[in-house]
Structures are given as C-alpha cells and as structure tokens.
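Trainee: I should like to understand how the terms used for this structure are justified. Could we take them one at a time?

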Protein chains: 2
Amino acid sequence: MTETVISSASKEVVIGFDRPFVVIGERINPSGRRMLAEEMSAGDYSRVEKDARAQIEAGADMLDVNAGLPMADEKKILAEAVKLVQSLTDVPLAIDSSAVEPLAAGLAVYQGKALVNSVNGEDERLESVLPLVKKYGAAVIGMSHDAEGLSPDPEVRFKAAKKIVERAADHGIPACDVVIDPLVFPVGAVADAGRTVLDVTRRVRGELKVNTVCGASNVGFGLPERRSLNAAFIAMMMTAGLTSAIANPLHEEQMNAIKAADAILGHDQQCMAWMTRARAKMKAEKGKN
Amino acid sequence: MTETVISSASKEVVIGFDRPFVVIGERINPSGRRMLAEEMSAGDYSRVEKDARAQIEAGADMLDVNAGLPMADEKKILAEAVKLVQSLTDVPLAIDSSAVEPLAAGLAVYQGKALVNSVNGEDERLESVLPLVKKYGAAVIGMSHDAEGLSPDPEVRFKAAKKIVERAADHGIPACDVVIDPLVFPVGAVADAGRTVLDVTRRVRGELKVNTVCGASNVGFGLPERRSLNAAFIAMMMTAGLTSAIANPLHEEQMNAIKAADAILGHDQQCMAWMTRARAKMKAEKGKN
C-alpha cells in the first residue's frame with residue numbers, strides 16, 4: 001500500500017498501489033522542441049504557460065518542468081519556469097534536470113513537496129541529489145541504471161533500483177518517497193524490451209514495494225502507429241504494477257488506455273471517472289457538429 | 001510452452017504461450033442478432049458467408065460458429081454452417097453450442113481438428129462433452145464454473161478450471177488440448193471483476209500450464225466507450241498470460257491493442273506483423289482520400 005504524496009501549496013497528489021494512475025505531463029521540456037527552447041532561452045514563457053494549461057485540461061495530474069537548454073542559464077530558467085507554472089496552477093510539479101544546480105534552484109523556489117526528476121544508481125549522482133531531496137523534504141525519481149549505463153539485463157536494472165532505495169534510506173528518505181523508473185527501451189530495437197520492463201516493474205513493486213514511473217512513449221520509437229503501441233503498453237505496465245508515467249496527456253488514445261486500465265484494476269470507484277470522461281467526450285463531439 | 005494445435009483440412013493455428021495471440025472471430029452467432037437468426041433459421045447462410053469473409057479479412061485467425069436458435073433445428077443448422085464456412089475458408093473453427101447434440105453434429109462434418117466451445121465444470125456437461133472431444137480428437141474450451149454457476153470468487157473459478165483439466169485427462173485428453181476461459185464479468189457491475197479475471201488467468205497459466213481464451217467484450221458491458229475499455233482490457237489480459245480470445249476482429253481499436261501487445265511481449269518477430277498492419281492501414285487511408 002505504498003503511497004508517495006506530492007504537493008503544491010494547496011493540492012496533494014498521491015501516487016499509490018491502490019490509487020488511480022498519476023499522469024505527469026511531459027510537454028514542458030525543450031529537448032526536441034526548437035521553438036520552446038528558443039523562447040525559454042530568451043525568457044519568454046508564453047509557450048510554457050500554454051503547455052501547462054493544455055496538459056491540465058487534458059487530464060494531467062502533475063506537470064514535469066525541464067529547462068535543459070544548451071548555452072543558457074538552466075538554473076535561472078528552471079527556477080523561473082517553476083515559479084511561473086506554480087502561479088498558474090495548483091497541480092504539483094516534477095522538477096527535472098540532469099544537472100544538480102538547476103534542481104537545487106528549482107527546489108529553492110518550489111512551494112510544496114516536489115518530485116525530483118531524477119537520480120540514478122551512480123554514486124556521484126546519488127551523493128549530490130539525495131541530500132537536496134532530503135533538505136527540501138521532496139520525493140525523487142530513481143532511474144534504474146548505474147555508472148555502467150543503461151542495461152538490457154533486468155537483473156542489473158533491479159539491482160540499480162535496489163541500490164537507489166537503500167541509499168535514499170541512508171540519507172533519511174523513506175522508500176515511499178522513491179519512485180523507480182524501470183527504463184523503457186524501444187521494442188523495435190530490442191526484441192525483449194517489453195517483457196524485460198514488465199518484469200522489472202513487477203519485481204520493483206513486489207520486492208522493493210515502491211512506486212514506479214516511466215516515460216511511456218519510448219516503447220514505440222522508430223515504429224509506425226507509435227501512439228497505439230504506447231497506449232497498449234501503458235495499460236500493460238499498469239497490469240504489472242506501474243503507478244505513474246511521464247506522458248503526453250494530449251495523446252487521447254493513451255489517456256483512454258490509462259483510464260480504462262484504472263477502471264479494470266478497480267482504481268476508479270464505480271467507474272465514475274470513466275463515465276465522466278466519456279460524457280465530456282460525447283459533449284465535445286456534439287459541439288463539433 | 002503449452003501449445004494447442006487447431007486445424008482445418010489444410011491449415012494449422014497454434015494457440016501458445018510464446019505465440020502471437022489467436023483471435024477467434026465471434027460474429028457467426030445469432031444471439032442478439034435478429035436478422036442473422038431469422039436467416040439462419042430459414043436456411044439462408046448469405047450473412048454467415050459475409051461475416052466469415054469480413055472477419056478473416058479483418059485478421060481473425062479462427063472463426064467461432066454458433067447456431068443457437070430457439071425453435072429451430074440447431075443440430076442441422078450448425079452442421080450446415082460448419083460445412084459452408086469450411087467451403088469458404090481454410091481457417092480452423094470453434095464449434096459452439098450450449099447443447100451436446102449440435103456439437104456432435106458439427107464435429108461429425110468438420111474437416112480437421114476443431115475447438116469445441118465449450119465444456120464447464122458441471123459433471124453432467126463434462127461427461128457428455130469430453131467423450132465427443134476425445135472421439136473426434138478435438139480441443140475444448142473449459143468455462144471456469146461448475147454446477148453452482150458463475151462465481152465472483154477467483155478460488156472457485158480456479159478450482160473449476162482445475163477440475164476440467166483433470167477430468168479431461170481422465171478421458172485421455174491432454175492438458176494442451178484444454179483452453180480455459182477464466183470468465184470475464186463487467187467491471188461496471190462487479191468492482192473487482194478486472195483484478196479477479198487477471199488473477200485467475202495468471203493462476204491458470206502458471207499452475208495448470210494451459211492456454212486461455214476469453215470473451216473480451218463483456219468487460220465493458222453497460223459502460224460508455226465500451227470498445228476502448230475492451231481494447232485496454234485485452235492487452236492487460238495478454239500481460240497476465242491470455243493466449244486467445246473470442247472477439248470481434250472488426251473492432252479496430254481492439255485489434256490494434258492485440259497486435260501492439262504481441263509486439264511488446266516479443267511475440268511479433270522484429271515487429272513485422274505490426275509494421276505490415278500499419279502499412280495496410282496507411283494504404284487504406286490513402287485510398288479514402
């Protein structure tokens with residue numbers, strides 16, 4: 001019954017084994033988005049604002065905020081983006097950077113209990129990020145790899161996950177505040193990528209008893225009809241125990257699959273969320289005609 | 001690595017743990033289809049013919065043939081329908097009746113190794129159907145309930161499944177020729193219906209080591225956007241080990257989910273089937289414009 005509580009100043013979101021799935025909107029991230037990158041570098045956050053609103057309207061429970069810009073002051077921009085998004089909405093945030101200083105800057109201005117994205121099993125990263133997580137009383141995403149890099153071997157990934165949970169405990173961070181990413185490889189490139197990640201997810205949940213998160217859109221990389229693949233994949237991962245994902249809530253097929261899986265797993269009391277969503281869709285369809 | 005081989009005179013289909021999922025087209029069934037019922041009762045099989053062709057074109061690996069008509073000679077009609085469908089196509093058939101005599105009549109005319117749909121855990125049904133299955137060297141679907149009727153309790157369902165596999169063995173029918181239906185209840189009516197059927201499926205596969213089949217469209221009964229629910233459900237059931245379903249192959253979202261789950265589970269070598277399907281869809285879309 002592990003529950004990870006994330007919050008803003010006024011709202012809590014709980015990632016949990018018996019809870020509705022938590023969707024963390026992935027859009028506020030300049031990698032691969034040239035326009036957004038240029039604007040953020042220039043201090044123009046109008047697109048960030050639009051992305052925040054659109055994702056929440058589409059059903060995001062949380063938003064990820066990343067400012068990974070080459071040749072720009074990521075630290076300053078991430079802090080500004082976090083402040084801006086928190087001024088627009090009460091959904092809690094994941095503060096996302098591959099560098100430590102921007103994470104620190106984002107956490108310093110964040111109101112509530114953030115989700116830090118992310119740590120991994122490398123000693124250096126663990127020892128620089130975990131003290132920050134502890135200092136701010138945050139929760140943290142742990143990518144299941146270590147200094148050796150991404151491994152296709154489920155055993156190696158499970159060990160990295162275990163190391164992160166244990167090291168977090170050494171820093172006084174409880175297991176319920178560690179959310180493990182089992183790492184999704186594209187099935188078009190790695191034949192047993194799907195089975196492996198399902199297996200790691202089951203083990204992380206069953207043996208480490210922690211929550212899990214993944215970037216769902218990787219699985220279909222390089223294949224046609226990628227969104228359909230992603231949609232089925234996320235329902236399958238939920239069956240294996242996945243409790244949250246960093247995903248694009250504007251992809252309707254995927255959101256359908258998530259809400260359907262919630263209903264099927266008994267995480268949607270009397271299917272109320274399903275029915276509400278269906279009604280809203282019918283209304284929107286009518287509006288179009 | 002259990003494999004259930006079903007065949008027509010010239011084609012084999014294998015339902016198996018490490019095989020692509022087998023879709024058994026459900027359309028040739030007069031229940032709830034008034035026009036089809038009237039026509040079949042009058043000996044008019046033109047709609048049966050159309051349904052057979054359409055389902056195979058949409059990707060059905062096998063076809064279910066049911067002639068459960070009130071006030072009509074089900075025995076004669078089922079035999080005629082089986083002969084007709086076999087004259088049109090080489091896909092193997094499931095011969096479907098709740099009565100024993102029609103099953104016998106269908107088996108008598110069937111060319112190949114049929115799948116008998118179905119037996120359950122009731123002694124009377126077991127002792128009347130299993131000798132037929134043995135006589136014709138067929139395989140059989142076992143519904144996981146007994147004389148007590150459908151139970152929401154997974155333990156009761158597992159026991160019924162186990163009884164069927166054991167009784168089949170007593171009749172000289174190997175476990176690989178028994179395909180268990182874990183029984184799908186609507187999640188709109190029974191809150192833990194989804195978890196229960198996933199659980200029964202895992203146990204039947206893990207402990208009895210037999211193949212499984214289900215009628216996927218039940219899960220969304222009474223709820224809006226039912227097809228989306230069914231699509232996610234079938235991918236989730238495949239994650240739990242389901243190896244075949246009696247389904248409507250004309251429901252595209254569901255077929256997408258099945259093919260996606262095959263790719264993700266590593267049952268679609270190099271994602272060739274996925275890519276072929278995507279290309280065919282793109283071509284069809286182009287044709288429309």
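Mentor: Let us begin with the interface: between chain A and chain B the count is two salt bridges. The model is predicted, so local features need pLDDT of at least 70 and side-chain atom pairs count only at pLDDT 80 or more, while totals for chains, interfaces and linings use all residues. Residues are numbered from 1 along each chain as its sequence is written, and side-chain values use heavy atoms, without hydrogens and water.

Trainee: What makes the meeting of Glu225(B) and Lys281(A) a salt bridge?

Mentor: The term requires a side-chain nitrogen of Lys or Arg within 4 Å of a carboxyl oxygen of Asp or Glu. The N to O distance between Lys281(A) and Glu225(B) is 3.3 Å, so the pair qualifies.

Trainee: What is the area buried between chain A and chain B?

Mentor: It is about 2,800 Å², of which carbon and sulfur atoms give 73%. Buried area is the accessible area (1.4 Å probe) that two parts lose on being put together, summed over both.

Trainee: Why is Cys214(A) called buried?

Mentor: Its relative accessible area is 1%, and buried means under 20% (exposed is over 50%, partly exposed in between; 1.4 Å probe, protein chains only), so the term applies to Cys214(A). Cys176(A), at 30%, is therefore partly exposed.

Trainee: How many disulfides does the structure hold?

Mentor: Zero over all chains, a disulfide being a pair of cysteine sulfur atoms within 2.5 Å. For Cys214(A), the nearest cysteine sulfur, that of Cys271(B), is 17 Å away, so Cys214(A) is in no disulfide.

Note on methods:
Chains are lettered from A and ligands numbered from 1 in the order in which they are written.
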